[in-house]
Amino acid sequence: MRRRPDGLGHGMIAVAVAATLLAAALFGQHPATGLAPLGYALVVLSGLTLAASHRAPVPVLAGTALCALGYQAVGVDVPALAYLVAVYAAVRAGHRVATVASAVVMLLALPFAILAAPGELAVGEAFTHSRDVLQLAWLVAAGAAGEALRQAERRAEEAERTRAEAARRSADEERLHIARELHDSLTHQISVIKLQAEVAVHLAGKRGESVPDALLAIRDAGREAARELRATLEALRDDDRNLPHGLDDIHDLVQRATAAGLDATLTIEGQHGGLPAATERTGYRIVQEALTNIARHAGATTASVRIDHQPGTLVIRVDDNGTATPGAEPVPGVGLVGMRERVTALGGRLRAAPRSEGGFTVHAELPVDRT
């Protein structure tokens with residue numbers, strides 16, 4: 001897709017048009033009047049005004065029209081080139097009605113501006129000369145060029161949206177296919193293993209026999225595998241029809257953790273606003289996984305969640321008073337690995353390790369581009 005010229009490009013175009021018009025004014029034949037310097041200034045101003053055409057095309061259109069009428073009225077006879085460029089820019093920006101209205105006013109007012117110039121021109125000559133200053137063919141060509149490029153850009157943007165939508169749809173279909181494959185191939189086998197282990201543990205307890213540690217380990221591993229698989233399938237089946245969780249939903253996580261018996265607190269500092277959706281989702285998942293690990297493995301009674309909105313960075317910290325051994329390396333389970341992958345994908349940093357004063361800490365720093 002073709003890109004619009006940036007501010008520097010518009011500035012260069014404006015300077016080039018201003019220089020061209022000034023050269024035409026200086027080397028042209030004009031009546032010698034005391035207002036000629038004003039006319040030259042209006043000629044230069046009409047060209048330099050184009051530097052703002054990408055930000056304010058309609059005001060630039062009006063400004064170049066007034067400048068053209070002004071320098072014609074003081075006797076500086078040069079074509080309204082800057083106005084034609086402004087017509088092109090306004091139509092390209094989609095302001096067709098304003099451009100047509102401006103062109104009609106310009107065509108009607110230009111002969112009277114020429115009549116007001118020093119010299120003796122008849123009314124018919126003024127109207128004839130106005131066609132030389134602003135030829136209708138060039139005016140139509142400028143508008144047509146702007147409209148053609150606008151339509152081309154719209155078609156390119158639509159094609160880009162179509163490609164993005166097709167890619168997203170393909171990714172959704174692949175994700176659902178993987179979910180079905182996992183469900184068909186693993187869910188049944190894991191359920192059978194978990195059920196058989198639980199039945200064996202139950203029968204052993206009913207008979208008064210000691211339960212082997214290996215059997216208990218199989219039962220617990222089956223339960224954990226079933227939970228992890230269920231969570232994975234839910235994530236794979238999740239699509240854009242379900243609203244994604246963000247930082248505003250962390251309060252609900254803390255409340256659920258408190259209802260489950262954990263003394264959890266939430267502290268938020270800084271101003272929350274303008275965060276990218278990916279950062280919001282990652283922040284939510286970090287807190288969710290950290291609180292889940294505390295409930296399952298930490299043996300903790302308290303937990304604190306701290307969200308700090310710093311300039312350019314979102315800092316998330318979750319601490320607990322569990323039984324983690326200071327200095328010991330944490331076991332990289334599925335939760336911690338997924339957490340680290342999410343943070344790394346955003347260009348952030350994650351530290352998950354036991355605290356020196358006891359317990360465990362999860363500390364994540366996510367870069368934030370609020371633009």
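Which residue forms a salt bridge with glutamate 153, and how far apart are the closest N and O atoms? The first legend answers this. All views show a predicted model.

**View 1. Glutamate 153 and arginine 92 form a salt bridge.** The closest N and O atoms of the pair are 2.5 Å apart. The contact links distant parts of the chain. Glutamate 153 belongs to helix 7 (residues 136-207). Arginine 92 belongs to helix 4 (residues 81-92). In sequence, 61 residues separate the two. Both glutamate 153 and arginine 92 are buried. Across the whole structure, a search finds eight salt bridges.

**View 2. Arg96, Glu147 and Arg150 are linked in a network of salt bridges.** One contact of this view joins arginine 150 to glutamate 147, with the closest N and O atoms 3.2 Å apart. Both residues sit in helix 7. They are three residues apart there, which means a separation of about one helical turn. Arginine 150 is buried, as is glutamate 147.

**View 3. Arginine 355 and glutamate 357 meet through their side chains in a salt bridge.** The N to O distance is 3.4 Å. Are the two partners buried or exposed? Arginine 355 has a relative accessibility of 17%, so it counts as buried. The cut-off for buried is under 20%. Glutamate 357 is at 56%, so it counts as exposed. For exposed, the cut-off is over 50%.

**View 4. Helix 3 (residues 57-73) is largely enclosed by the rest of the structure.** The helix has 17 residues, and twelve of them are buried. Among the buried residues are Pro57, Val60, Leu61, Cys67, Leu69 and Tyr71. Gly63, Ala65, Ala68 and Gly70 of helix 3 are also buried. At 1.5 Å a residue, helix 3 should span 24 Å. Its end C-alpha atoms are 24 Å apart, so the expected span and the model agree. Glycine 75 follows helix 3 and has a positive phi, near 100 degrees.

**View 5. Val100, Val104 and Leu108 form a nonpolar patch on the surface.** Together the three residues have about 280 Å² of accessible area. Valine 100 lies in helix 5 (residues 96-115). Its relative accessible area is 53%, so valine 100 is exposed.

**View 6. Five strands form an open sheet with mixed pairing.** The strand order is 1-2-3-5-4. Which strands stand at the edges? Strand 1 (263-269) and strand 4 do. Each has a single partner strand, so one side of each is left without a neighbour in the sheet. From one strand to the next, the twist averages 10 degrees. Strands of a sheet pair through backbone hydrogen bonds, either parallel or antiparallel.

**View 7. Strand 2 (residues 302-310) and strand 3 pair in the antiparallel sense.** Eight bridges join them. Valine 305 stands opposite valine 318 in strand 3. Isoleucine 268 is found in strand 1. Between isoleucine 268 and valine 305, the C-alpha distance is 8.5 Å, although they are 37 residues apart in sequence. The relative accessible area of isoleucine 268 is 52%, so this residue is exposed.

**View 8. Proline 311 lies in the loop between strand 2 and strand 3.** With 82% relative accessibility, proline 311 counts as exposed. Its C-alpha atom is separated from that of valine 368 by 8.1 Å. Along the chain, proline 311 and valine 368 are 57 residues apart.

**View 9. Strand 5 (residues 360-367) is largely enclosed by the rest of the structure.** Six of its eight residues are buried. With strand 3 (residues 313-320), strand 5 pairs in the antiparallel sense over seven bridges. Here threonine 313 stands opposite proline 367. With strand 4 (residues 349-354), strand 5 also runs antiparallel, and six bridges join the two. Arginine 351 has histidine 363 in strand 5 as its bridge partner. Five residues lie between the strands in the hairpin of strand 4 and strand 5. Glycine 358 in this hairpin takes a positive phi near 105 degrees.

Terms used: Residues are numbered from 1 along each chain as its sequence is written. This is a predicted model: local features need pLDDT of at least 70, side-chain atom pairs count only at pLDDT 80 or more; totals for chains, interfaces and linings use all residues. Side-chain values use heavy atoms; hydrogens and water are left out. Patches are made of residues with over 30% relative accessible area and no salt bridge: like charges are joined within 9 Å, nonpolar side chains (Val, Leu, Ile, Met, Phe, Trp, Tyr) within 5 Å. Accessible areas come from the Shrake-Rupley method with a 1.4 Å probe; for residues, only the protein chains shown count as cover. A salt bridge is a side-chain nitrogen of Lys or Arg within 4 Å of a carboxyl oxygen of Asp or Glu. Helices (H or I, at least four residues) and strands (E, at least two) are DSSP runs, numbered from the N terminus. Buried means under 20% relative accessible area, exposed over 50%, partly exposed in between (1.4 Å probe, protein chains only). The expected span of a helix is 1.5 Å times one less than its number of residues. Two strands pair if DSSP finds at least two bridges between them. Axes are lines fitted to C-alpha atoms, for helices over the stretch in contact, and angles run from 0 to 180 degrees between N-to-C directions.
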